[in-house]
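Visitor: Could you walk me through how a few labels on this structure were earned? I'd like the reasoning along with the names.

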Amino acid sequence: MDIDKIMKELTLAEKAYLVSGNSSWTVGRIEGAGIPEIFVSDGPYGLRKQDTDTAEIYDSIDAVAFPTSAATASSFDKDLMFEIGTALGKECQAEDVAVILGPAVNIKRSPLCGRNFEYISEDPYVAGEMSAALINGVQSQDVGTSLKHFAANNQETERMYASSDMDERTLREIYLAGFETAVKKSDPWTLMCSYNRINGTYASENKWLLTDVLRDEWGYDGLVMSDWGAVSDRIKGIAAGLDLEMPGSGGVNDARIVEAVETGKLAEEDLDKAVRNVLNLIEKYHSKKREEVFDRDKDHEIAVHAEEESIVLLKNEDVLPIKADEKIAIIGGFADNPRFQGGGSSHINAHNIVSAVSVADSFGSFTYTEGFPYDGDRMSDEMKQQAVEAAKNADKVVVFAGLPDAYESEAYDRSHMRLPECQNILIDELLKLSKPVIIVLHNGSPVEMPWAEYVDGIVEAYLGGEGVGEAVMKVLYGKVNPSGKLAESFPKKVEDNPSYLSYLGQNHRCNYSEGIFVGYRYYDTKKMDVLFPFGFGLSYTTFNYSNLKVSVGGSAVSGAVDINADKIAVSVDVTNTGNMAGKEIVQLYISDKTKAAIRPVHELKGFEKIALNPGETGTVSFELDKRSFAWFNEAISDWYAAGGEYVIEIGKSSRDIVLTETIEVKGDAPVLPVIDMDVQIGDLLKNDITKNVVLRVMKEEIQKFSGSDGLEVTDMDPMTYAMLQYLPIRTLRSFTHMTNERVESIVAALKEEVEKVSR
């Protein structure tokens, strides 16, 4: 298409038409102008293509259900995410889908969010890195993605109306950082705004979000679309940077757009930007559209492999792997009817659902009894007794438990973290037999486990895609060595979660009162007991870490590192010290010791997965830059890294730090205090520039106040020094009888000095 020519020839009505979907799933198509149509489809862990507007949400094409993001995030494997993305991209080409709607990178603020199964992590670094890898995989096949839901969509309750209210530091560090990484590392073709308001303004008409941050700061030049039905005021949305409304409004908003341009309420220049972005998207797809085969059987194998890499072994008291000659009692409805995906717009019409029971014959001797159903909280005495009898005749008992579909889904949130009570009752009965009991969990987010201390094994399968049954059995029998680690913390109870008191909010506003202390940032800083920590996962082998090296430009770090000029290389050796091949996820955390700001005890800034044979040693490497050390400083509206001491931590989880190295960082220049009559003397003395002025112009007054010849803490008694630190400079009028003119002259001298430095 000749987009420049088309733009000149389009009528105002045609422009308005192009910035709205012409059906639930299609965009474009003006034959007279030579503009073809494109089709978009739900994702992000499978192709939920609907052929008609009238089809029900679960009436979609036969497709492959890959593991949900809750599962694949636990792989911590960027190459795996790229592989899944590549498969999805090929499927889209085969089905003439231009854009698959995903991935979803919203932060898991609370385990109660009904859509957590579709989200990646409680940690923005993990969310950004893993989503970027998936996007790059999809788009390697000349198919677009839609990074969503931008931004701060962390609950389903009132998601179309409620306001997510927080300070800018929290928004930048936690809720925007994953989007920023994905935009900069993978350049998604489209980005989808969320339903909710942010600090009172709908995301769909938030110019600060869609233009100032996304385009001007991050350099994004793709298309921004609405979530389905997220548009409130279409005119404000276009002016703010929302290009495409999905689905269309049946012409209602088209007419409003035309009227707004004709009356001057909307600049046609803003409309033209949106139209051009729509045309660019259509051209990008059609210029590289090709024939492709949707090989469902091949992609099914990718789905199985992905789940094998993602399963997390949470507990193993020498009961796993199961031996082929052991008699196993398999109990629980999920063993025969696995819950492998979540409900809502990402629900896939799966091609080949494999349950554990359907493949168990190929692994060993077993009996199966339902015990409790997969779809509710009910259990008859007969069902319970059958399960107990089956367990009595077994060497080991494997209970397939989890959350029924109705417990978590798009459009509503969970009210608690509990499993159906019938499952806990049956597990308690089985434990009375003194047989080894292993629990396999099918859930999209953390659950309470009142039996965790007493069972012998726990396998977290999450919602593992259509091949979950096969992958789980391979792990249980040691055909696959589990290597997943939790991308979210499992609190002991929901009340422990930092958002507990403010989650869901009231009066249509949700106050993110916990700020930056989300997930492990909170639990680890408070030293709070958790059920399982962030980054935790066991293996059938063991790993030893050694030889931590920190260097700049190939030389070991000596002296302060200028992180504005240099990147820091970190490497660590990992040795498989067991007798089975396995994979280890090495995690790098940074702990800020400068005390320049209130920060979590540490934050994840790197992860890598390494495969090792028994006795083999491999080296894992990381690269750190300024952002690895920085926090968002609202005083300067920018990322800021204070100079001082930082600790580089290498861990097996956020609670298992095995190697550390302390370094000195030459950070950004200290932020100067605001100079006025209320500035605290302590703030002036903390900064060398203002301290020198203070020493020059008001040394006598300070000495008079303190009764000391010196100005350092060692020269004064603790109470006097503490009082001095927090004295506004104006109070010297009262405590030293300084004249107002004298105070004003000191403030003027300080301002002059600060202005010189600023210039």
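Guide: Sure. Two strands pair if DSSP finds at least two bridges between them. Keep in mind that this is a predicted model.

Visitor: What makes strand β16 a partner of β17?

Guide: There are 4 bridges joining β16 (residues 437-442) to β17, and the cut-off is at least two, so they pair. The two strands run parallel, and I438 of β16 stands opposite G457 in β17.

Visitor: And how do you know that β11 pairs with β17?

Guide: By the bridge count again: 4 bridges join β11 (residues 312-316) to β17, this time running antiparallel. Here K315 is the residue opposite I458 in β17.

Visitor: Why are both faces of β17 called covered?

Guide: Buried means under 20% relative accessible area. In β17 (residues 457-460), G457 and V459 on one side are buried, and so are I458 and E460 on the other. In a regular strand, side chains alternate between the two faces of the sheet.

Visitor: Over to the helices. Why are α4 and α11 called roughly antiparallel?

Guide: Helix α4 (residues 78-94) packs against helix α11 (residues 296-310) at about 155 degrees, with the axes 11 Å apart. Angles over 145 count as roughly antiparallel, and therefore that label fits α4 and α11. Their crossing is left-handed.

Visitor: Which residues make the contact?

Guide: From α4 you have L80, E83, I84, A87 and E91, and from α11 there are D299, I302, H305, A306, E309 and S310. Sorted by type, the contact has 5 nonpolar, 2 polar and 4 charged residues.

Technical notes. Residues numbered from 1 in each chain as written. Predicted model: local features only at pLDDT ≥ 70, side-chain atom pairs only at ≥ 80, totals over all residues. Heavy atoms only, no water. Axes fitted to C-alpha atoms, helices over the stretch in contact; angles between N-to-C directions. Parallel < 35°, antiparallel > 145°, perpendicular 65-115°, else oblique. Left-handed = near helix turned anticlockwise from the far one by under 90°. Contact = heavy atoms within 4.5 Å. Nonpolar A, V, L, I, M, F, W, Y, C, P; charged D, E, K, R; others polar. Buried < 20%, exposed > 50% of the residue type's maximum accessible area, 1.4 Å probe, protein only.
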